[in-house]
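Open your viewer and have the selection tool ready. Each stop tells you what to select and what is there.

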Amino acid sequence: MATLRYEVRREPDGTWTVFDVFTPLMATLRYEVRREPDGTWTVFDVFTGLPAIVAGHASVDLPDMEYAEDLAAILNAEDLKQRLSHGRLPGGFA
């Protein structure tokens, strides 16, 4: 019998999420980094596609990739901490 790699779940807000059951934590990281055409970096919310808001400011035009990656890691850690405190485990394993 084959093992399915992807599963679909319905979120509390009614939307649907497809996630990789082999890498549940990676499938649920909320923030990622992208390089913009002008060479700057943006940290964005993968669920909305919008730049992450930090201290009231959009995380755009960041000049350094390492800084952007560190910021994304901090935001992902905070997001994971918040979800775990509400009883929501990464990857939909509640």
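This tour goes from the whole chain to single residues and ends on the surface.

**Stop 1: the whole chain**

Keep in mind that this is a predicted model. Show the chain as a cartoon. How many helices and strands does the chain have? The answer is two helices and six strands. Now trace the chain along its sequence. The elements follow the pattern β-β-α-β-β-β-β-α.

Next, switch on the surface. The chain exposes about 6700 Å². Carbon and sulfur atoms supply 59% of that area. The chain has 94 residues, and 26% of them count as buried. Contacts tell another part of the story. Take the contacts with a separation of 6 or more: residues 24 or more positions apart account for 25% of them.

**Stop 2: Tyr31**

Select Tyr31. You are in strand β3, which covers residues 31–35. Is Tyr31 buried or exposed? Its relative accessibility is 17%, so Tyr31 counts as buried. The cut-off for buried is under 20%.

Now show what surrounds this side chain. Leave out residues up to four places away in sequence. Tyr31 then touches Val43, Phe44, Asp45, Ala52, Ala72, Leu75, Asn76 and Asp79. Pick Asp79 from that list. Tyr31 and Asp79 are 48 residues apart in sequence. In space, their C-alpha atoms are 8.9 Å apart. Remember Asp45 and Asp79, as both come back at the next stop.

**Stop 3: the salt bridges**

How many salt bridges does the structure hold? It holds three. Visit them one by one.

- Select Arg30 and Asp45. Their side chains meet in a salt bridge, 2.7 Å from N to O. This pair links distant parts of the chain, 15 residues apart. Arg30 sits in the loop between α1 (24–27) and β3, while Asp45 is in strand β4, residues 41–45. Arg30 counts as partly exposed because its relative accessibility is 25%. Asp45 is at 7%, so Asp45 counts as buried.
- Select Glu36 and Arg34. They form a salt bridge, with the closest N and O atoms 2.9 Å apart. Glu36 has a relative accessible area of 21%, so Glu36 is partly exposed. Arg34 is partly exposed too, with 30%.
- Select Arg83 and Asp79. Their side chains meet in a salt bridge, 2.8 Å from N to O. Both residues lie in helix α2. They are four residues apart, about one turn of the helix. Both are buried.

**Stop 4: a charged patch**

Return to the surface. Select Asp64, Glu66, Glu69 and Asp70. What kind of charge gathers in this patch? These residues form a patch of negative charge on the surface. Zoom in on Asp64. Where does Asp64 lie? Asp64 is in the loop between β6 (57–58) and α2 (65–85). Its relative accessibility is 38%, so Asp64 counts as partly exposed.

**Stop 5: a nonpolar patch**

Now select Val8, Trp16 and Val18. Together they make a nonpolar surface patch of about 350 Å². Zoom in on Val8, which lies in strand β1, residues 6–10. Is Val8 buried or exposed? Its relative accessible area is 53%, so Val8 is exposed.

**Before you close the viewer**

Colour the two patches separately. One is the negative patch with Asp64, and the other is the nonpolar patch with Val8. Then add the three salt bridges to the view.

Key:
Residues numbered from 1 in each chain as written. Predicted model: local features only at pLDDT ≥ 70, side-chain atom pairs only at ≥ 80, totals over all residues. Heavy atoms only, no water. Patch = residues over 30% accessible without salt bridge, like charges linked within 9 Å, V, L, I, M, F, W, Y side chains within 5 Å. Areas by Shrake-Rupley, 256 points an atom, 1.4 Å probe, with all protein chains shown as cover. Salt bridge = Lys/Arg side-chain N within 4 Å of Asp/Glu carboxyl O. Lys, Arg positive; Asp, Glu negative; His and termini not counted. Charge placed at Lys NZ, Arg CZ, Asp CG, Glu CD. Buried < 20%, exposed > 50% of the residue type's maximum accessible area, 1.4 Å probe, protein only. Contact = heavy atoms within 4.5 Å.
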